[in-house]
Amino acid sequence: MSDFVYALLRAIHAQNPSGKYVLSTKKGTRINPRNLSRTLNCILKKVGMIEQDDWSGPLHALRHTFASMMFEAGAELKLVSDILGHANTKITENIYIHIMQKQRMKTVQNVDEYTKKIRGLCLANLPLVPSSTKKDTVA
């Protein structure tokens with residue numbers, strides 16, 4: 001968890017009267033995920049991000065976005081799979097293969113740029129060798 005997220009969760013938790021959960025109901029009990037999803041859905045409608053109720057899961061969309069961002073930041077498959085709680089890496093790979101392919105291309109391009117720099121440095125440090133040498137002849 002990043003320092004920013006940790007600080008944010010601590011601040012939210014400090015406002016919680018029960019102190020048991022980071023987010024809780026007014027009575028201090030655990031929030032039902034369905035209610036949290038409904039609340040997020042309502043917020044998204046009010047700000048114009050969605051037009052109608054989307055019960056397919058705005059919370060799950062946040063999870064998917066987070067996973068995609070981890071891949072784009074260079075996280076390894078095993079790490080992302082562990083953080084998401086998938087039973088194995090194959091599940092993660094099947095869901096996020098499009099992101100992984102994009103990341104692979106970016107990595108190949110980065111390696112190509114790196115090798116261009118190395119080639120440039122190597123060529124710059126080579127002594128100049130004339131293409132043909134002429135021998136002085138004495139007549």
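How exposed does D82 count as, given its relative accessibility? At 45% relative accessibility, D82 counts as partly exposed, a class between buried (under 20% relative accessible area) and exposed (over 50%), using a 1.4 Å probe and protein chains only. More on that residue in View 3.

These legends describe a predicted model, in which local features need pLDDT of at least 70, side-chain atom pairs count only at pLDDT 80 or more, and totals for chains, interfaces and linings use all residues. Residues are numbered from 1 along each chain as its sequence is written, and side-chain values use heavy atoms, with hydrogens and water left out.

**View 1. The whole chain, helices and no strands.**
The protein chain has five helices and zero strands, so the definition to keep in mind is that helices (H or I, at least four residues) and strands (E, at least two) are DSSP runs, numbered from the N terminus. Going along the sequence, the pattern reads α-α-α-α-α. Of the 139 residues, 16% count as buried. The accessible surface comes to about 11,600 Å², with 60% of it belonging to carbon and sulfur atoms; areas come from the Shrake-Rupley method with a 1.4 Å probe, and for residues only the protein chains shown count as cover. Take the contacts (heavy atoms within 4.5 Å) between residues at least 6 apart in sequence: 20% of them join residues at least 24 apart.

**View 2. The largest nonpolar core and its aromatic pair.**
Nine residues make up this core: A67, M70, F71, A75, V80, L84, Y96, I99 and M100. A nonpolar core here is a set of buried Ala, Val, Leu, Ile, Met, Phe, Trp, Tyr and Cys residues joined through side-chain atoms within 4.5 Å. Leaving aside residues up to four places away in sequence, A67 touches V80, L84 and Y96. The structure holds one aromatic pair. Its partners are F71 and Y96, tilted at 45 degrees between the planes and 5.9 Å centre to centre. F71 sits in helix α3 (residues 58-72) and Y96 in helix α5 (residues 89-125), so the pair ties together parts that are 25 residues apart in sequence. Both F71 and Y96 are buried. For the cut-offs, rings of Phe, Tyr and Trp (its six-membered ring) pair if their centres lie within 6.5 Å, with planes under 30 degrees apart counted as stacked, over 60 as edge-to-face and the rest as tilted.

**View 3. A salt bridge in helix α4, K78 to D82.**
Side chains of opposite charge can pair when their charged atoms come close. A salt bridge means a side-chain nitrogen of Lys or Arg within 4 Å of a carboxyl oxygen of Asp or Glu, and the count comes to four. Here the closest N and O atoms of K78 and D82 are 3.1 Å apart. Both residues lie in helix α4 (residues 77-84), four residues apart, about one turn of the helix. K78, at 51% relative accessibility, counts as exposed, whereas D82 is partly exposed.

**View 4. Salt bridges along helix α5.**
K90 bridges to E93, with 3.6 Å between the closest N and O atoms. K90 and E93 are three residues apart in α5, about one turn of the helix, and K90 is partly exposed at 48% relative accessible area. Elsewhere in α5, the side chains of K116 and E113 meet in a salt bridge at 3.7 Å, N to O. K116 has a relative accessible area of 42% and is partly exposed; E113, at 43%, is partly exposed too. Salt bridges that share partners join D112, E113 and K116 into one network.
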